[in-house]
Amino acid sequence: MKDKIVFIIPIRIGIRKSYSEIVKRTIEKVYQDILLYGFTKRPAFHIGRVEPRMSLFSRRKLIHLETNRIYMNNATLSHARRRSKIDSGHDVPIEEIAEFPQRRSKMDLYYDNKLHTFLYVGEKAKFVINPKGKIKLQDGRTHAVIFITASALNAEEHFNGSQYTKIEKMPSRW
């Protein structure tokens, strides 16, 4: 008689949340801390991986990406929602920032040849990713490719000059 191996798979009871939903809630919680206390003790958190189109472009142009993980921290949220931006109308609503990790694959992506950053451009806002940026995590390690800031688009802002290279979306597979 052969031994039968039984694998026990734990089942989580309750509503299962997707990773993008968890990231969205984390962004909202960090922002609530900032509103209530002026700061947050929450560490930087992972919002997703570098998209294939950004990774492929980086390899082709010999742009060094130290990691394929993108992080966000409280400083980036504070910067995007500071009082001077709100007063001047250049703020980005927290809802739009919270939706960014999930919506970025549908946004236009540019490389800024002058500043050496990547820009995700939506209908009303732009999000800047700096491949040379560093962030220190709780465990003491440093990582690169972090979400830097979000800003509302100006009516005069165009991304068709020699300063910007548009990175085309990857063709979908059958």
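## Helix 1, its core and a few odd loops

Leaving out residues within four places in sequence, I27 touches F45, M72, L77, I94, I97, A98 and P101 in this predicted model.

Trainee: What makes those count as contacts of I27?

Mentor: The cut-off is heavy atoms within 4.5 Å, and F45, M72, L77, I94, I97, A98 and P101 are in contact with I27 by that rule.

Trainee: Which residues have the most contacts inside the largest nonpolar core?

Mentor: I27, I97, F118, F127 and F147, in a core of 32 residues. Helix 1 supplies the largest share of this core, five residues. There's also a second, separate core of six residues, with Y110, L119, F159 and Y164 among them.

Trainee: Why would such side chains gather like that?

Mentor: As a general tendency, nonpolar side chains in soluble globular proteins are buried together.

Trainee: Back to helix 1, then. How do you know that its span agrees with its number of residues?

Mentor: Helix 1 covers residues 19-37, so that's 19 residues, and at 1.5 Å a residue they should span 27 Å. The end C-alpha atoms are 27 Å apart, so the two agree.

Trainee: Which residues of helix 1 are called buried, and what do they pack against?

Mentor: V23, K24, I27, V30, Y31, D33 and I34 are the buried ones, and buried means under 20% relative accessible area. Their packing partners are strand 1 (45-49), strand 2 (69-72), helix 3 (74-80) and helix 5 (94-103).

Trainee: And what happens just after helix 1?

Mentor: G38 takes a positive phi of about 85 degrees there. F39 sits in the loop between helix 1 and strand 1, and together with L36 and Y37 it makes a nonpolar surface patch with about 370 Å² of accessible area.

Trainee: Why is F39 called partly exposed?

Mentor: Its relative accessibility is 45%. Partly exposed runs between the 20% and 50% limits, so F39 fits that class.

Trainee: Where is L62, and why does it count as exposed?

Mentor: L62 is in the loop between helix 2 (52-60) and strand 2. Exposed means over 50%, and L62 has 78% relative accessibility, so it counts as exposed. Its phi is near 55 degrees, a positive value in a residue other than glycine.

Trainee: What about H116: what is its phi, and what makes it partly exposed?

Mentor: H116 has a positive phi of about 60 degrees, although it isn't a glycine. You'll find H116 in the loop between strand 3 (108-112) and strand 4 (117-121). Its relative accessible area is 43%, so H116 is partly exposed.

Note on methods
Residues are numbered from 1 along each chain as its sequence is written. This is a predicted model: local features need pLDDT of at least 70, side-chain atom pairs count only at pLDDT 80 or more; totals for chains, interfaces and linings use all residues. Side-chain values use heavy atoms; hydrogens and water are left out. Helices (H or I, at least four residues) and strands (E, at least two) are DSSP runs, numbered from the N terminus. The expected span of a helix is 1.5 Å times one less than its number of residues. Buried means under 20% relative accessible area, exposed over 50%, partly exposed in between (1.4 Å probe, protein chains only). A nonpolar core is a set of buried Ala, Val, Leu, Ile, Met, Phe, Trp, Tyr and Cys residues joined through side-chain atoms within 4.5 Å. Patches are made of residues with over 30% relative accessible area and no salt bridge: like charges are joined within 9 Å, nonpolar side chains (Val, Leu, Ile, Met, Phe, Trp, Tyr) within 5 Å. Accessible areas come from the Shrake-Rupley method with a 1.4 Å probe; for residues, only the protein chains shown count as cover. A salt bridge is a side-chain nitrogen of Lys or Arg within 4 Å of a carboxyl oxygen of Asp or Glu.
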